[in-house]
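This briefing introduces a protein structure to a reader in the first year of study. Please keep the sequence and the 3D view at hand while reading.

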Amino acid sequence: MSSREPVKNEYLDQVREQQQRLEVDLKARKAMAPAQMQAQNVLPMRRAAAAAVAERTGNAVDVRITGFWRWKTVIVPPNAYVVHTRRGHAQPLHIGLGVSFRFDPALDSFIVAPGAMQTIIINAHCICRELQGLLVQGYVQWIIEDFATAYRKLDFTDAEDPMRVVNVQLREQAEAAIKDKVATMSIDAVLSDKQPIIEELTARLRHVAEGGGGGDKGLGLRIVTVQIKEAVVSSARLWESLQTPFRSERERVARLASLGTEEALAQRELEVEQTRERTRLESDGELAMLRARKDAEVYDREQAERLRRQQREEEAARQLAVERQQSALQTAELEKARLAVEAELTKLKQEVEAARLKRDALARAEVSDVQSAATHRQAQAELELLETRQRILNGLTPANLQARLVELLPDIAEKLPKPNELRSVSIGGSGGSQDGQGVATLVAQMMALVNILKADGAPRASAQVVTPPEAR
């Protein structure tokens with residue numbers, strides 16, 4: 001028994017898997033028949049006849065069926081092909097692009113297919129002349145040209161996608177054509193030039209789809225375009241081996257170019273370094289000469305500046321001496337002028353003081369005269385007042401005095417405090433028979449009464465005034 005394990009054929013597994021997938025794809029998924037749908041309908045006929053209900057078929061094309069029972073209408077979109085047949089009629093009643101029609105479910109049948117261009121993606125696993133695996137990727141675009149021929153030869157009855165079975169069939173034919181062509185080509189030819197594959201694939205598909213000419217119309221289809229996008233080597237090791245020569249050549253060229261560049265750069269760097277060193281030396285010499293020249297200029301400038309400063313200092317000293325002498329002369333002249341001004345000011349002050357003293361004396365004399373006149377006028381006024389008072393006193397009679405005292409006695413009595421004891425003072429006597437003496441005596445007695453009241457204290461004493469007979 002051999003210890004070596006059998007080698008697994010991956011390519012054979014891929015072929016078997018694709019074959020199984022193809023068998024499934026070639027089987028169209030049929031939609032439920034209308035009779036079965038009516039049998040499963042549990043709604044009463046009365047409700048179905050009440051209103052027209054819009055229905056949709058299971059087809060991928062947006063076809064609407066309106067109406068009820070056996071009086072229905074199929075509305076086909078303008079970008080879809082339709083074939084309408086009826087029992088008992090050998091030819092279709094309606095066929096064309098975007099044709100709508102009356103439909104009787106008990107007698108009629110129809111097929112709808114999209115009229116838009118279809119695109120088939122192709123991934124063909126091929127074997128080239130060197131027995132190496134290649135994956136060729138491309139696409140085919142086709143469109144229905146004669147639907148009257150296409151619906152008889154192709155299967156558009158798939159419920160989800162009417163074009164699915166046709167696309168699968170065309171894809172299988174395209175993959176077979178690509179594999180046949182790649183088997184006769186080398187791997188380099190396949191990778192570098194894909195035009196032979198495109199020409200072979202286009203010719204085969206057009207012969208199948210469009211017919212061979214004459215009365216043969218093929219499948220009623222038209223191939224729009226065929227393109228090969230890419231060819232990929234299945235083995236990674238082989239792909240690396242195919243890229244190695246080119247990469248090595250590119251690396252050699254790049255290395256030689258790099259060496260040439262490095263040599264040129266080294267030579268250029270040497271030249272630049274020599275030029276830089278030469279320039280640096282020349283620059284150093286020029287800088288040294290320039291520095292010496294600048295130092296000499298600086299020294300000359302400093303000496304000239306020092307001499308200029310010395311001359312300026314001497315000139316300033318001489319000018320300062322002259323200015324001091326002139327300042328001394330000006331000071332003497334100013335002092336002389338100051339003394340003269342002070343003498344003049346002293347004289348003026350004396351004159352002003354004399355004038356002031358004179359004005360003060362005159363003012364005092366005037367004030368004295370004014371005071372004397374005021375005193376004289378005041379004395380004269382007092383004499384006139386005394387004269388008037390005396391005249392008034394001389395004009396008073398005893399009767400008037402007594403009447404005046406009698407009027408004032410109640411007020412005096414009201415203003416006196418409440419007496420604690422009673423004393424009696426007798427006012428009257430032997431004053432003589434003359435009126436003047438009686439009045440004098442009365443006044444003297446009244447003054448004595450007031451003095452008594454002040455001496456004894458108002459709260460403790462009260463006096464009773466007894467009017468003499470003469471006063472009554």
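The notes below treat strands, aromatic rings, helices and a surface patch in turn.

The structure is a predicted model. Strand 2 and strand 3 pair in the antiparallel sense, and strand 3 is in turn joined to strand 6. Strand 9 pairs with strand 8 and also with strand 10. A search of the whole structure finds seven aromatic pairs.

**Strands 2, 3 and 6**

- Strand 2 covers residues 64–68 and strand 3 covers residues 71–75; five bridges connect these antiparallel strands.
- Within this pairing, Thr66 stands opposite Thr73 of strand 3.
- The hairpin of strand 2 and strand 3 has two residues between the strands, and Trp69 takes a positive phi near 50° there.
- Strand 3 also runs antiparallel to strand 6 (residues 101–103), with three bridges joining them.
- Here Val74 is placed opposite Phe101, a residue of strand 6.
- Val63 lies in the loop between strand 1 (55–56) and strand 2.
- Val63 has a relative accessible area of 1% and is therefore buried, the cut-off for burial being under 20%.
- Although Val63 and Ile75 are 12 residues apart along the chain, 5.8 Å separates their C-alpha atoms.

**Strands 8, 9 and 10**

- Strand 8 (residues 118–127) and strand 9 (residues 133–144) are antiparallel partners, with 10 bridges between them.
- Gln118 has Trp142 of strand 9 as its bridge partner.
- Five residues lie between the strands in the hairpin of strand 8 and strand 9, where Leu131 takes a positive phi near 60°.
- On pairing with strand 10 (residues 221–233), strand 9 forms 11 bridges, again in the antiparallel sense.
- Gln137 stands opposite Glu230, which belongs to strand 10.

**Aromatic rings**

- Among the seven aromatic pairs found in the whole structure, Phe101 and Phe110 form one that is edge-to-face, at 5.8 Å centre to centre and with 70° between the planes.
- Phe101, the residue opposite Val74, counts as buried because its relative accessibility is 4%.
- The pair of Phe147 and Phe156 is tilted because the planes of the rings stand at 40°, with the ring centres 5.8 Å apart.
- Both members of this tilted pair are buried: Phe147 has a relative accessibility of 4%, and Phe156 has a relative accessible area of 2%.
- Phe147 and Phe156 belong to a cluster, linked by ring pairs, that also includes Tyr81 and Tyr151.

**Helix 5**

- Helix 5 is made of 20 residues, numbered 164–183.
- From its first C-alpha to its last, helix 5 reaches 28 Å, close to the 28 Å expected at 1.5 Å a residue.
- The buried residues of helix 5 include Arg164, Asn167 and Glu175, as well as Val165, Val166, Val168 and Leu170.
- Ala174, Ala177, Ile178 and Val182 are also among the buried residues of helix 5.

**Helix 9 and a nonpolar patch**

- Val406, Leu408, Leu409 and Ile412 make a nonpolar surface patch of about 310 Å².
- One of these residues, Leu409, is found in helix 9, which spans residues 398–415.
- Leu409 has a relative accessible area of 35%, so this residue is classed as partly exposed.

Conventions. Residues numbered from 1 in each chain as written. Predicted model: local features only at pLDDT ≥ 70, side-chain atom pairs only at ≥ 80, totals over all residues. Heavy atoms only, no water. Patch = residues over 30% accessible without salt bridge, like charges linked within 9 Å, V, L, I, M, F, W, Y side chains within 5 Å. Areas by Shrake-Rupley, 256 points an atom, 1.4 Å probe, with all protein chains shown as cover. Salt bridge = Lys/Arg side-chain N within 4 Å of Asp/Glu carboxyl O. Helix = DSSP H or I, 4+ residues; strand = E, 2+ residues; numbered from the N terminus. Buried < 20%, exposed > 50% of the residue type's maximum accessible area, 1.4 Å probe, protein only. Expected span 1.5 Å × (residues − 1). Pairing = 2+ DSSP bridges. Phe/Tyr/Trp six-rings, centres within 6.5 Å; stacked < 30°, edge-to-face > 60°.
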